[in-house]
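Colleague: I'm new to this one. Could you walk me through it, a question at a time?

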Amino acid sequence: MTCYACNYELTQSTATYFAGLKSCMVIIKNVPCLECKRCGEVFYSDPVAERLDEIIAQVKKLVTETAVVEYTDSQAA
Ligand SMILES: [Zn+2]
């Protein structure tokens, strides 16, 4: 897979994902991603992006300000 922006080869990596919501801020650490070493662009695969949405939906019910959570693949977290 190559970078959409510059066509450089993407490297498997992890990133910290920030989601600024109306009511709170969610920070998800260690999210698996593909990173472009040339331009710094970060891409998430579809399953990871869906999982991020799930995590954010869960977390925003529980917090009122800022939440920092680890990325997990399972619902049980
Ligand atoms: Zn790039």
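Colleague: Is C3 buried or exposed?
Modeller: This is a predicted model, so keep in mind that everything here is computed from it. The cut-off for buried is under 20% relative accessible area. C3 comes out at 1%, so C3 counts as buried.

Colleague: And what about C39, how accessible is that one?
Modeller: Partly exposed covers the range between the 20% and 50% cut-offs. C39 falls in that range, because its relative accessible area is 38%.

Colleague: Which protein atoms hold the zinc ion?
Modeller: C3 and C39 are both among the donors. The donor residues follow the spacing C-x2-C-x29-C-x2-C in sequence. The donor atoms lie 2.3 Å from the zinc ion, and they are the SG atoms of C3, C6, C36 and C39.

Colleague: How many residues apart are C3 and C39?
Modeller: Look at where each one sits. C3 is in the segment before β1 (10-20), while C39 is in the loop between β2 (25-36) and β3 (42-43). The pair links distant parts of the chain, and the separation is 36 residues.

Colleague: What geometry does the zinc site have?
Modeller: For reference, the ideal angle for four tetrahedral donors is 109.5 degrees. To count as tetrahedral, four donors need all angles between 85 and 135 degrees. The angles among the four donor atoms of the zinc ion run from 102 to 120°, so the site is tetrahedral.

Colleague: In what order do the helix and strands come along the chain?
Modeller: The protein chain has one helix and four strands. Starting at the N terminus, the order is β-β-β-α-β.

Colleague: Which residue in strand β2 has a positive phi without being a glycine?
Modeller: There's a non-glycine with positive phi in the segment before β1 too: N7, with phi near 70°. N7 is exposed, at 59% relative accessible area. The one in strand β2 is partly exposed at 42%. Its phi is about 60°, and the residue is N30.

Colleague: How much of the whole chain is buried?
Modeller: The C-alpha atoms fill a box of roughly 40 × 25 × 15 Å along the principal axes. The accessible surface is about 5,200 Å², with 50% of it belonging to carbon and sulfur atoms. Of the 77 residues, the buried share is 29%.

Colleague: How far apart are the centres of the positive and negative side chains?
Modeller: The protein chain carries 7 positive and 10 negative side chains. Taking the centre of each set, the distance between them is 5 Å.

How values were computed:
Residues are numbered from 1 along each chain as its sequence is written. This is a predicted model: local features need pLDDT of at least 70, side-chain atom pairs count only at pLDDT 80 or more; totals for chains, interfaces and linings use all residues. Side-chain values use heavy atoms; hydrogens and water are left out. Helices (H or I, at least four residues) and strands (E, at least two) are DSSP runs, numbered from the N terminus. Buried means under 20% relative accessible area, exposed over 50%, partly exposed in between (1.4 Å probe, protein chains only). Accessible areas come from the Shrake-Rupley method with a 1.4 Å probe; for residues, only the protein chains shown count as cover. Lys and Arg count as positive and Asp and Glu as negative; His and the chain ends are not counted. The place of a charge is taken as NZ of Lys, CZ of Arg, CG of Asp or CD of Glu. Donors are N, O and S atoms within 2.8 Å of the metal (3.2 Å for Na, K and Ca); water is not among the atoms, so sites may look incomplete. Four donors count as tetrahedral if all angles lie between 85 and 135 degrees; four count as square planar and six as octahedral if opposite donors are over 155 degrees apart and all others between 65 and 115; anything else is irregular.
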